[in-house]
Amino acid sequence: MPAESVEVLLPVALDRSFTYSLPEDIIAPPGSFVEVPLGPRAVAGVVWGPGDPEVPAGKLKAVRQKLELPPLGDELRAFVDWVARYTLAPRGMVLRIAVRGARNPGDETPRSAVIATGSAPGRATPARTRVLATASDGVPRSKSDLARAAAVSPGVIDGLVADGALRIVEVIAEPIGSGLQPDLGRPELSEAQADIAALLQAAVRDRTGSTHLVEGVTGSGKTEVYLEAVAEALRTGRQALILLPEIALTQAVLDRVTRRFGGAPGEWHSTVSAKRRARIWTGTASGETRIVVGARSALFLPFRDLGIIVVDEEHDAGFKQEDVPVYHARDMAVVRGKLAEAPVVLVSATPSLESRVNADAGRYRHHLLPERFGGRTMPEIELLDLRADPPPPGRWIAPRLEEQVRDTLARGEQALLFLNRRGFAPLTLCRACGHRFACPNCSAWLVEHRFRRQLACHHCGHHEPVPPACPKCSTTDKLAAVGPGVERIRDEAAALFPEARLAVLSSDLVIGADSIRAELKAVEDHAVDLVIGTQLVTKGHNFPHLTLVGVVDGDLGLGTSDPRAAERTFQLLEQVTGRAGRGAIAGRGIVQTTDPLHPVMQALKNHDAAAFYAAEIDARADAMLPPFGRLASLVVSAPVRNDAEAYARALAQSFPASAPARLLGPAEAPISLLRGRHRFRLLLRADRTVDVPGLIRAWLAEAPRAPASIGLHTDVDPVSFL
């Protein structure tokens, strides 16, 4: 009797699986993890199905052993295949994401934790008060977890232990995200919130895999609504996934989930330790981890019974992964929800145009929360015309905005100055000879980071010190910073408001999840008077003392060729001005602009999102741009410019004339040199009914084979056009 064979998919950059013989003493049904030989090494892979019967048994290598890991279920394996097929990525690269935490976490040994004793410390400080308030729930936490949750240094915890206010105990770690209580912290909901929550709960019970768009103005209580649907998933014995676009949002949502359900959920993103990842991965597979809050890759966790997927801030471009596999987590969440028979809840104050159109067409259920919770009003928006009221020479904050910030601070309230540009200045040039500092690896200017005393490229990471003289003409004292970044606004604010406590929130300056959490906590606790920030501050944060938001350059995102420029600018400005007035005091926003009559500015001023979306949808439909048409980007790159251009032209010439699509290009990409590689782009446009991935797959199969030095990056439904 011939030996049984199995098809094994390996987490490597290959699209194919391999057939291996299965020894009689190994039972490995589909989904099992096995160790197999691949060339001279042993590799862990996943049994995908029965082996190819056409392969002679004598040519097969044997599976070495079955690994003691939870198997990948049918639903997740189908999802891996679907994502690979749609994104044109090798199946092995998609599998790599799904098995990133697949390892045995080992036996749990007792660990040290701290709990509150109820005794008052000998000395009270704001940091100590935050720690004791956090520890008052009686939940044992490690020193590092308690320090992170309270946004303090570990030394504060040690001091409270020495004072007797905290006590060290030994605990056995429970499965992460387990023991949650769906009815513990049920909030008081408004009538509108309760109605939407009931509809979402019914969708969880129905197991239809429906998609819902929850649109609500900033501060309307969207989080409370979707947590009621998460609670229903827990009641029915299922699991929940909450996806977030950025690590900076994670702690706020973790805290909300912990308060609502009496325990912390699993946390999944790039800074989570390998051992903790392993515990969450096995916990989701066993069903013990009931809720996971994470970044886009959490979508590939092996949930035993996924009952709901929430995509918070669904419009955010951070859900798009630009590396292989290139996918959009929002769109892939809809697919996984259908495969898992779980509702998908897309949440935003400023939904993506794609989600809006799907809701209008009835493909998604649309739920609206048009008012802030508790009767609070939306911030009043003032458009400050810089043509009539410009800042003084060499400055960027106009007198009107300066006056409003000064008045806000005088009342003991917080203000925010927003500029979506990192660093001190986007360009440095020599006033003597005109030399501009450019990146040697990219077709981009070097950005001055004065706090770090460096010129840096935001595309490849190249950096160099600011020189004392121009490298071209050797003239000293003639280097000029052109344009503002948040560091420059910070210096100007420090000069204008010397008594204010300032904080700069930018990913260049606040590095790491713990640092971000500490800074955001300081703003929330009013330990900061004036915040200067980039888009890091725009989403999901609740600053109860913030009453004024000043946008330094409201036009910054509008002057590009990106077809989503208007949409993104409206979303960004609506989100950042929406940080104002979320507490007891009404808020206002001041937007500095040179085009106050632009439709984006008028929609923002009048809080008329409906009018903006209607006009933008009409414009997209007329141009047959997404979501009314399909786009795919193919970028050819090579170390030598002529090689990249030649292969791009060969690809274009091989495009089938009968294809139901139009191919544009090749043309140099907007960033024509990136990390030392020259880039040419082809753009495919098609009707929305066309199977674009299938069309590209068939085209590339017949196209000339690329030389080894040539790279081809394919992006179906691109978000970035750089």
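**Figure 1. A salt bridge within helix H18 of the predicted model****.** The side chains of Glu-645 and Arg-649 come together here in a salt bridge, with 3.1 Å from N to O. Both residues belong to helix H18, which runs over residues 641-653. They sit 4 residues apart, about one turn of the helix. Arg-649 has a relative accessibility of 42%, so Arg-649 counts as partly exposed. As in every view that follows, you are looking at a predicted model.

**Figure 2. Arg-128 and Asp-163 join two helices****.** For this pair, the closest N and O atoms of the salt bridge are 2.8 Å apart. The link reaches between distant parts of the chain: Arg-128 is in helix H3 (residues 126-135), while Asp-163 is in helix H5 (residues 154-163), 35 residues apart. Are the two partners buried or exposed? Arg-128 is buried, with a relative accessible area of 9%. Asp-163 is partly exposed, at 36%. For the wider picture, the count of salt bridges in the model comes to 39.

**Figure 3. A salt bridge between two loops, Arg-238 to Asp-305****.** The closest N and O atoms of this pair are 3.0 Å apart. Arg-238 lies in the loop between H7 and strand E9 (239-243), and Asp-305 in the loop between strand E11 (291-294) and E12, so the salt bridge ties together parts that are 67 residues apart in sequence. Arg-238 counts as buried, at 1% relative accessibility. Asp-305, at 26% relative accessibility, counts as partly exposed.

**Figure 4. Helix H7 and its surroundings****.** Helix H7 covers residues 222-235. At 1.5 Å a residue, its 14 residues should span 20 Å, and the end C-alpha atoms are indeed 20 Å apart, which agrees. How many of the residues of H7 are buried? The number is 12 of the 14, so the helix is largely enclosed by the rest of the structure. Among the buried residues are Lys-222, Val-225, Tyr-226, Leu-227 and Glu-228. Just beyond the helix, look for Gly-237, which follows H7 and has a positive phi, near 80°.

**Figure 5. Thr-223 in helix H7, and a salt-bridge network****.** Thr-223 is part of helix H7. Its relative accessible area is 16%, under the 20% limit, so Thr-223 is buried. Which residues does Thr-223 contact, leaving aside neighbours within four places in sequence? They are Arg-256 and Asp-312. This panel also takes in a network of salt bridges that links Asp-183, Arg-186, Arg-205, Glu-232 and Arg-235. Glu-232 is one of the buried residues of H7.

**Figure 6. Asp-316 in the loop between E12 and E13****.** The loop that holds Asp-316 runs between strand E12 (306-312) and strand E13 (320-321). With a relative accessibility of 9%, Asp-316 counts as buried. A polar atom of the Asp-316 side chain lies 2.6 Å from the backbone nitrogen of Gly-318. Not counting residues up to four places away in sequence, Asp-316 touches Pro-245, His-328 and Lys-539. Ser-348 makes a handy landmark: Asp-316 and Ser-348 are 32 residues apart in sequence, and their C-alpha atoms are 9.0 Å apart in space.

**Figure 7. An open sheet of 6 parallel strands****.** To find your way across the sheet, follow the order E17-E27-E26-E18-E25-E24. Its edge strands are E17 (380-385) and E24 (502-505), each of which pairs on one side only. From one strand to the next, the twist averages 20°. Strands of a sheet pair through backbone hydrogen bonds, in either a parallel or an antiparallel arrangement. In this sheet the pairing is parallel.

**Figure 8. Strands E26 and E27, with two helices on the sheet****.** Strand E26 (residues 546-551) pairs with strand E27 (residues 588-593) in the parallel sense, over 4 bridges. Within this pair, Leu-548 stands opposite Arg-588 in E27. Helix H12 (residues 399-410) packs on the sheet, where it touches E17, E18 (414-418), E25 (530-533), E26 and E27. The direction of H12 makes about 150° with that of E18. Helix H15 (residues 565-577) also packs on the sheet, touching E17, E18, E26 and E27. The direction of H15 makes about 150° with that of E26.

Notes. Residues numbered from 1 in each chain as written. Predicted model: local features only at pLDDT ≥ 70, side-chain atom pairs only at ≥ 80, totals over all residues. Heavy atoms only, no water. Pairing = 2+ DSSP bridges. Axes fitted to C-alpha atoms, helices over the stretch in contact; angles between N-to-C directions. Contact = heavy atoms within 4.5 Å. Expected span 1.5 Å × (residues − 1). Buried < 20%, exposed > 50% of the residue type's maximum accessible area, 1.4 Å probe, protein only. Polar contact = N/O pair within 3.5 Å; in protein donor to acceptor, adjacent residues only side chain to side chain. Salt bridge = Lys/Arg side-chain N within 4 Å of Asp/Glu carboxyl O.
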